[in-house]
Number of protein chains: 6
Amino acid sequence: MRTVVVTDPPRAGVDDAAALGDHGVATVHEALGRVGYLGPEFRPAWPGARVGGTAVTALCWPGDNLMIHVAVEQCRPGDVLVVATSSPSTDGLFGELFATALARRGVRGVVLASGVRDVAELRAMGFPAWSRAVSAQGSVKATAGAVNVPVVLGGQTVRPGDVVVADDDGVMVVPRTDVDRALTAAQARVDKEAATRAAFEAGELGLDRYGLRGRLDELGVEYVPYEQWVEKGAR
Amino acid sequence: MRTVVVTDPPRAGVDDAAALGDHGVATVHEALGRVGYLGPEFRPAWPGARVGGTAVTALCWPGDNLMIHVAVEQCRPGDVLVVATSSPSTDGLFGELFATALARRGVRGVVLASGVRDVAELRAMGFPAWSRAVSAQGSVKATAGAVNVPVVLGGQTVRPGDVVVADDDGVMVVPRTDVDRALTAAQARVDKEAATRAAFEAGELGLDRYGLRGRLDELGVEYVPYEQWVEKGAR
Amino acid sequence: MRTVVVTDPPRAGVDDAAALGDHGVATVHEALGRVGYLGPEFRPAWPGARVGGTAVTALCWPGDNLMIHVAVEQCRPGDVLVVATSSPSTDGLFGELFATALARRGVRGVVLASGVRDVAELRAMGFPAWSRAVSAQGSVKATAGAVNVPVVLGGQTVRPGDVVVADDDGVMVVPRTDVDRALTAAQARVDKEAATRAAFEAGELGLDRYGLRGRLDELGVEYVPYEQWVEKGAR
Amino acid sequence: MRTVVVTDPPRAGVDDAAALGDHGVATVHEALGRVGYLGPEFRPAWPGARVGGTAVTALCWPGDNLMIHVAVEQCRPGDVLVVATSSPSTDGLFGELFATALARRGVRGVVLASGVRDVAELRAMGFPAWSRAVSAQGSVKATAGAVNVPVVLGGQTVRPGDVVVADDDGVMVVPRTDVDRALTAAQARVDKEAATRAAFEAGELGLDRYGLRGRLDELGVEYVPYEQWVEKGAR
Amino acid sequence: MRTVVVTDPPRAGVDDAAALGDHGVATVHEALGRVGYLGPEFRPAWPGARVGGTAVTALCWPGDNLMIHVAVEQCRPGDVLVVATSSPSTDGLFGELFATALARRGVRGVVLASGVRDVAELRAMGFPAWSRAVSAQGSVKATAGAVNVPVVLGGQTVRPGDVVVADDDGVMVVPRTDVDRALTAAQARVDKEAATRAAFEAGELGLDRYGLRGRLDELGVEYVPYEQWVEKGAR
Amino acid sequence: MRTVVVTDPPRAGVDDAAALGDHGVATVHEALGRVGYLGPEFRPAWPGARVGGTAVTALCWPGDNLMIHVAVEQCRPGDVLVVATSSPSTDGLFGELFATALARRGVRGVVLASGVRDVAELRAMGFPAWSRAVSAQGSVKATAGAVNVPVVLGGQTVRPGDVVVADDDGVMVVPRTDVDRALTAAQARVDKEAATRAAFEAGELGLDRYGLRGRLDELGVEYVPYEQWVEKGAR
């Protein structure tokens, strides 16, 4: 494992990151073409938070949070700290004290491939955290890792300066070079969804709005009244 | 996989379904003889909902929600939409727009073997959803499936028109032909539990109330004071 | 499996147990030297509870809650009931009626290696419960087990009379003979954390406060500006 | 849970069952339209077995094999015993002694939703077994269940008399009423696969054999030389 | 975590351990009263090994095998090395070189709560290993742990000097003080099983041999011919 | 998701890939600095295979193997096909017919994030396959994906032309630009391990060979005879 701290990586704009955060994970994920989602294992420590920020990444040894201490110093206002481990671990590498230090620096939240602790305190502070586990298991500060190198969480590569969006649906990453496209596409999707919502509230069906009836015919989907279906002995 | 949409299946009464919903999952499950529960993997997207409704079923290909669009049209007031996939998947096949369409039709909730998204919006709408995962991962509309055929979720067969009961304890199914028996037995259980609750509040023990002391004797359970136990070198 | 009920085991002091509960899981776990945590699988049935109590233990056959009935009689004010099963099971061995009986006896909460049900009712009662699963699946009363023998949950041995601490971070056990040490060490940790919190709020870094910069040098961690890093072709 | 033993259910032909077994799981699954597979959790206790037989079903309480004893008496030559539990369990409900009794009765194998033990002995005997777990954990004989009722394993309903096919790819069920169709379709698939195999050995591509190039065009799949791809800054 | 190496703990007799190993896990587990099994997660790295030996225990930090090096020195002929980690980890803490060192010292095998690697080499050497995972992920030697303290694996406490039995069914522990009882009971069980096996081969049923028909009556199990069952509309 | 097929990516040398394959996963992983391992979920379909080859990558929709057909055409002698899915899936996207086509093209093996089927046939053919699951569940050819774009499996990024090494310990990736370094470092490690193996066979301890006794002192590890340990009342 490389043992390096990369300093001052270029970041996406923090306002752009916030705007993507306002759109939320599902919208931005769809807008970008259904990419970038970290999967259902990443859950919020408490419900209701929604953030967008620029990634500072840390790669830790399992059971060891030394590199989080290093990463704190690299964090700036508008960042989201993203922590991976070199192998699977649920240990609680992050808690209230780290949250205090990060909040002081204007950091918007944290995403961990491992565990988080002090959940009640994080909720009380309003500091957002997403992780694979809640765990009180403590850590050591013995083994080196890296800060601001590309890391992989939930099958997605997060590079320093990328935008991380997180809410009750989980976490996603927007590559720094895709932020403009993401903003435009997300706004377009919001507009389209507003129209669809209004149509659905008025009783229109998705089958009609999306023109799916022809597709069903092509695929050979048959409509059969229940009585006929039962007569065929279906079970 | 059959590619069929069965229309107008007979349904249990929607008032009966609501009454079973009021009793809740644990009560109806016990009343029916400890059958019908979909297991602990099915969790509510937000806490506090409790529903009973008649099942409309959809069987989807993983990562594909085409048949949910088909199923929406088959839904009536009092229904609960029940979605299975042909193989395991956590993708977020269902979100706010579907909920809008279903709410418009008087549908009481949704149960999915896969994932759900737009959790914050569903909570704000008050639309109840149970699923195996929360996932923002989007879906395509490419592959046919079936609507209103029997489906299996969590080891239980759900047939169209069956009653689905769901609350914070999870989800269960009551076969349409068992609804009358379920209502009677659930009410009996509620009455019995009220008496037991009062007895327990008054200090009676389950050992006495259920007559279990004799059973313990038959099973050879011994009572041993701690000091004797320690002397035997038990560890 | 031994089929024995051990009566009147010595217990840690119930006030000491409450004091450890007030400190919470993460603090006491760290104070004791990072031992005793039952792991991230044990989750609260509802958020916000925090308890400390003395353990009464029960060992049940999977799908069978006979020995919980036996254990209730052994419970006293200040206890926490701790339930293990002889093999893995998620069934809902515990619900509202048991909670009613335990609350009547002054019991502070329950921890189960299996499942819990009646979650909405437990939340309404304010009775705290931690478990590996929420499950409505009911149980029988057919097979003997043991009460107040040592049991293992989540890789930790819990003996009757030990202190169990539980909150939103999960559950931990403090051996009865370690309670005094735990109280002292937990208070020391609280004091130290208060000072650290104030320092972090004032902008001090963990790297400096914990003297970690020397460690990073020893471990060969390099700081590299982003432009140099990119020139090396790192990916 | 019903506590019933259904006797003498009609069975598919044992020779037909054997013929389906010879075709194997993947072939019959495809031939029937990609239905009936119990999923990847069901694994053989030892590699290399391949069977087809008629189902005798047992539904057991977790940790309890009483109903397997009942089911043995219902087994005939050509059967496969299929064991479900009323809630999830990995306990080793089945081992060498049951295998001895079943082999004596001409039973072709066993499928369990729970665990199996005596793996070395089963391999030495050549008695085929598929299960979700290998576990030495023993069981009691205390709680009633059912024999020859429909059971659900791995999301599939198995009815007594259905054909069960199992090999190194896992386990599938063929409804008794679909056996003739399955035999015809499986043979057709075998013939088609033989032709495809020969074509692939001769260097033909699936893209051409299945006419997929047009589909790729419709779906907008582009072919891009690596150098162009890199110039676009793709990552 | 205590950081201690306990030297020269008393051990069960190595010949007794070997004799229990010859009986195998399922037999000894049953003989002792269905206790001591580490559960289905512990699997052999290669099939066919069967050992019994006296435990030397090591407690490691996740991703760190320093204490295995310490434990090697404490091993004697007839021992089995048992490795726990302070929190869940799948990393490959053990491989061919450790196996070489242990084989030189007459150690009979290894059991790890984490992962093992060099599986092909271990099979070629004939060195038995059981673990929760196969993983090539390497480890550091940075953090202290303990040797020859009680450790918990798979819900079972293993103390130094206890007997560990392992085969294709998994792993179990026999407390040192129970070895004599285990030997006697295992032999009795072997004799009883031989008689049962002969009876089953001769066609006797478990229902008769174990006298279960009366139990079924008490439990209210009914025998119903298939035709009657179908008439009742059972599904 | 991009829908692109990148053609003719540069590849590492196929002889270099084979040489890394001969070293095996654990050795190359350590040689590179403990990076690149895909984790313990990737298992061989049959034991004993060991390969090294150059990656051709495919990204599929869950339950859809259309892009594997596309990828076959891009494969050359010495390649290993690497298949990811856009969300988690265990379906059996790959079987005997694909293996026939790949073997004809000189492909050395396949690695899938999803499932594989026809395990018995793959073993008989000697075609190596690694996957997260064995599953007979069949797939459709309906949704586009990509070929020869970077994909993530098991937390590792695999780019086309990288070297993939796989054996009974699992799978790892060596970036194309690191192949020379990997070959040199792997050979150095092999030499070092041979010397260590000889030393261990001669009875030397890792504690001495790696100079760990000083580290233990620094870490405060104490050696305590068993009798003293017991007197302290340790449990």
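What turn lays chain C on chain F? Keep that in mind as you open the viewer, and remember that you are looking at a predicted model.

**Stop 1: chains C and F**

Select chain C and chain F and hide the rest for a moment. A turn of 180 degrees, with a shift of 0.0 Å along the axis, lays chain C on chain F with an RMSD of 0.0 Å. That is how a two-fold axis relates two copies. Try spinning the view until you can picture that half-turn.

Now show the residues where these two chains touch. Chain C puts 5 residues into the contact, and chain F puts in 5 residues too. Of the interface residues of chain C, 100% are also interface residues in chain F, so the two copies meet through the same surface.

How much area do chain C and chain F bury between them? The figure is about 440 Å², with 34% of it on carbon and sulfur atoms. Colour the chain C side of this contact by residue class and you get 1 nonpolar, 1 polar and 3 charged residues. Looking for salt bridges between chain C and chain F? The count is 0. For polar contacts across this interface, with both residues at pLDDT 80 or more, the rule finds 0 residue pairs as well.

**Stop 2: chains A and C**

Hide chain F and bring in chain A. Here a rotation of 120 degrees, with 0.0 Å of shift along its axis, superposes chain A on chain C, and the RMSD is 0.0 Å. This time you have the relation of a three-fold axis. To find your way to that axis, select Pro47(A): within chain A, its C-alpha is the one nearest the axis, 6.3 Å away.

Next, light up the contact itself. It takes 44 residues from chain A and 39 residues from chain C. The buried area between the two is about 3,500 Å², and carbon and sulfur atoms give 59% of that.

**Stop 3: the polar side of the A and C interface**

Switch on the side chains. Across the interface of chain A and chain C there are 19 residue pairs in polar contact, both at pLDDT 80 or more. Which elements of chain A give two or more residues to the side that touches chain C? They are β1 (4–7), α3 (66–74), α4 (96–104), α5 (119–125) and β7 (129–134). Select α3(A) next, since you'll be coming back to it. With 7 residues, α3(A) makes up the largest share of that side. Sorted by class, the side of chain A facing chain C holds 21 nonpolar, 11 polar and 12 charged residues.

**Stop 4: two salt bridges to zoom in on**

Between chain A and chain C, the count is 5 salt bridges; over all chains it comes to 90. Zoom in on Arg213(C) and Glu73(A), one of these pairs, whose closest N and O atoms are 3.0 Å apart. Arg213(C) sits in helix α8 (residues 213–218) of chain C and Glu73(A) in helix α3 of chain A, so this salt bridge joins two chains. Then move to Arg50(C) and Glu121(A), another salt bridge, with 3.3 Å between the closest N and O atoms.

**Stop 5: strands that pair across chains**

Go back to cartoon view and select β1(A) along with strand β13 (residues 222–225) of chain C. In which sense do β1(A) and β13(C) pair, parallel or antiparallel? They pair in the parallel sense, over 4 bridges. For one last click, pick Thr7(A) and look for its bridge partner in β13(C), which is Pro225(C).

Technical notes: Residues are numbered from 1 along each chain as its sequence is written. Chains are lettered from A and ligands numbered from 1 in the order in which they are written. This is a predicted model: local features need pLDDT of at least 70, side-chain atom pairs count only at pLDDT 80 or more; totals for chains, interfaces and linings use all residues. Side-chain values use heavy atoms; hydrogens and water are left out. Copies are superposed by least squares on the C-alpha atoms of residues with pLDDT of at least 70 in both. Contact means heavy atoms within 4.5 Å. Buried area is the accessible area (1.4 Å probe) that two parts lose on being put together, summed over both. A salt bridge is a side-chain nitrogen of Lys or Arg within 4 Å of a carboxyl oxygen of Asp or Glu. A polar contact is a pair of N or O atoms within 3.5 Å; within protein, one must be able to donate a hydrogen and the other to accept it, and residues adjacent in sequence count only if both atoms are side-chain atoms. Ala, Val, Leu, Ile, Met, Phe, Trp, Tyr, Cys and Pro count as nonpolar, Asp, Glu, Lys and Arg as charged, and the others, Gly among them, as polar. Two strands pair if DSSP finds at least two bridges between them.
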